[in-house]
Amino acid sequence: MAKKKSFLDLINKQRSKKKKEKFSGSFLDYLSLIQDNPAIIKLSHKRLYETILISGMETIDTDADNYRDIFNGEKIRLYDYFSKEFFGMESVINKLMRYLKSAAFKGEESRQVLLLMGPVGAGKSALVDSVKRALELADNYYYLDGCPIREEPLHLLPRSLRSDFSEILDVHIEGDLCPICRHKLMNDYNGEYEKFPVKENSFSQRGRRGIAVVPPMDANSQDVSVLIGTEDISKLDLYPEDDPRVLSLNGAFNVGNRGIVEFVEVFKNEIEFLHTMLTATQEKRVPSPGKNDMIYFDGVILSHCNESEWNRFKSEHTNEAILDRVLKIEVPYVLELDQEQKIYEKIIKRSDFRGAHIAPHTLKVASMFSVMSRLQQSKKCDLLTKLKIYNGESIIEKGRVKKVDIRDLKDEAKREGMSGISTRFIMKSLDAALSDSENNMITPINVVDSLITQVKEQIIDEDAKTRYLEILQKTIREEYLKILETEIAKAFISAYEEQAQSLFDSYLDNAECYTTKTKIKNKITREQSEPDEKFMRSIEEMIGVVGSSRDGFRSDVTAYMFSKLRKGETVNYRSYDPLKEAVEGYLINSVKDIARIVTRSRSRDDDQKKKYSDMVQTLIDEYNYNEHSAEEILIYASNNLWRDS
């Protein structure tokens, strides 16, 4: 009973909220509204652009970090409206917003169909759905009461007076009355347009107000009436064929007037079905059913398709007229590892996965596979290195950051991201891994097994299948073992961070004295001694710095660190990637022998049992494993790491 009462309280509370009363008045009242606020007059592209923009926007400094390379030197803006939904699609969203901005200023784009073209599962439909939801957040609009296309009331004004009203109201007046409203004006209001009633309403896809969707149809079922409406046959006995009262303007272009018309998988339709686009774009008019005049249309036309359909459509020279009215934006798969991982994290948060335990690195391993499947081989670096470079990571080679220009890599692979493993494929593999798990958890180990199974069963192309299996069974397996080895060693070392920082400080002190040819002073005894050459070499060897390259490395480290200190920046063992890798390698190497005993020993003594137990607890407390996943990865490590022991 208490629960029922709380339900009723919620219902009553919602109903008691005072809602803003919607405008209802004459056209004369509407003119007064415009005079007070001319900004309420907006064409569809401008309304949509401003609605998205109002959520917030910031410009990325492409001169900072590696943004310039990642985005090919483009000026990139991040739009808050899309930021929580879309990852790795900054360039696509920028092109979309550039289109809307140009169209808002009545550029040529306002007379173009926007086409999102890309592989399956790249996010085309999701992006269009997000844009449609944005329109539902837009300010209410005003329309002529009883108008089936909810047209702009200013269409009532005769052309002879429009320039005068435009000057008084400070607005541009565009468009003509639809046949139904024209008939109503002349017959119900005797041409006195100032008396015509005007109402206010919101955009709604479910309510079919300003948002229309056209699904693909086969040649037998498609009918242009889906786009422009029909004649009401029941009224043809009462009125002549050219009487507006026989019109039923319920087509997609009628419903989407002043808003959005979406064409789903647009090129699955026959070309004849798409001819209405020609006049809707360039002339801003669509045919009316029967024998009435053409009807003014103001709307954003969005469409999407796959690359194969686009290639087939554009190969037909008879389609040139429509192609000339299409602005294509390619929507490739995401190629940045971190961004790809965010996509799966977002999907999982909204699914029943939330109750399952997802072990560390699980989604990273899955993301590595999906991204690597989309990358093309390069002569400049291997696939794993390319993955890391695209992700903005530093590649260390012989103590230096390896310089590989992202733009060079992208220039040699123009179609990169237009093929490969889709997000849906990865999610199905995660589903399968969870279904097969006995402990309601997924780990990198069973996800890789699941991906291998899915590739063998689902991928038809034999060359692609072979390449994908090699990525999973060799490249990703080896990379995960490196990650696992580091993590287990870190879990084994007590106070890992403090030890790493201590090694870093000691190396930096020795390297500075070596570079400046001074002696190092013991902080406790105050005694002076030569820099510890053996210690420095033991660190440097971890990243392949040997021989004559040592002097250069030590100078680079010292100069880099003091440069940061002069700028007032914090310096720690993570500050310089090559030295960080060397320090971590030294620490991990120093405990390998002990870690081998702990992970591989079948009969542990009390001391080993305690160390093993402490390591498992560290994995749980600090690395977000649970008991089952920690045990699983340790067993996997004991069977696959340090086999030479």
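**Two sheets, two cores and a helix pair**

Let me begin with helix 2, residues 27–36, which lies across strand 1, strand 5 and strand 6 and runs at about 105 degrees to strand 1. Please keep in mind throughout that this is a predicted model.

The sheet under discussion here is an open one, in which 3 strands follow the order 1-6-5 with antiparallel pairing. Strand 1, at 24–26, and strand 5, at 141–144, stand at the edges, and because each has a single partner strand, one side of each is left without a neighbour in the sheet. Neighbouring strands of this sheet are turned by 30 degrees against each other on average, if direction is ignored. As for the individual pairing, strand 5 and strand 6, the latter covering residues 197–201, are joined in the antiparallel sense over 4 bridges, and Tyr142 stands opposite Glu200 in strand 6.

I turn now to the other open sheet, where 5 strands are arranged in the order 7-10-13-4-14 and the pairing is parallel. Its edge strands are strand 7, at 211–214, and strand 14, each of which pairs on one side only, and the twist from one strand to the next averages 20 degrees.

Within this sheet I would like to dwell on strand 4, residues 113–117. Is this strand largely enclosed or left open by the rest of the structure? Since 5 of its 5 residues are buried, strand 4 is largely enclosed by the rest of the structure. Both of its faces are covered, with Val113, Leu115 and Met117 buried on one side and Leu114 and Leu116 buried on the other. Strand 4 runs parallel to strand 14, residues 326–330, to which 5 bridges join it, and there the bridge partner of Leu116 is Ile329. Strand 4 also runs parallel to strand 13, residues 300–305, through 4 bridges, with Leu115 standing opposite Ser303. Helix 6, residues 90–104, lies across strand 4, strand 13 and strand 14, and its direction makes an angle of about 160 degrees with strand 14.

Next, the nonpolar cores. In general terms, nonpolar side chains of soluble globular proteins tend to be buried together. In this model the largest nonpolar core has 89 residues, and those with the most contacts inside it are Phe369, Leu430, Ile476, Tyr507, Leu579 and Ile633. Which helix gives the most to this core? That is helix 21, with 13 residues. A second, separate core consists of 56 residues, among them Leu154, Ile173, Leu247 and Phe297.

To look at one residue of the largest core in detail, Phe369 touches Ile421, Phe425, Ile426, Leu451, Val455, Tyr468, Ile471, Leu472 and Ile476, if residues up to four places away in sequence are not counted.

That brings me, finally, to helix 20, residues 444–458, and helix 21, residues 462–492, whose axes come within 9 Å and cross at roughly 170 degrees. Angles over 145 degrees count as roughly antiparallel, and the two helices are therefore roughly antiparallel to each other. On the side of helix 20 the contact is made by Pro444, Ile445, Val448, Leu451, Ile452, Val455 and Lys456, while helix 21 contributes Lys465, Tyr468, Leu469, Leu472, Gln473, Ile476 and Tyr480. By character, the residues of this contact divide into 11 nonpolar, 1 polar and 2 charged.

Terms used:
Residues numbered from 1 in each chain as written. Predicted model: local features only at pLDDT ≥ 70, side-chain atom pairs only at ≥ 80, totals over all residues. Heavy atoms only, no water. Axes fitted to C-alpha atoms, helices over the stretch in contact; angles between N-to-C directions. Parallel < 35°, antiparallel > 145°, perpendicular 65-115°, else oblique. Contact = heavy atoms within 4.5 Å. Nonpolar A, V, L, I, M, F, W, Y, C, P; charged D, E, K, R; others polar. Core = buried A, V, L, I, M, F, W, Y, C linked by side-chain atoms within 4.5 Å. Buried < 20%, exposed > 50% of the residue type's maximum accessible area, 1.4 Å probe, protein only. Pairing = 2+ DSSP bridges.
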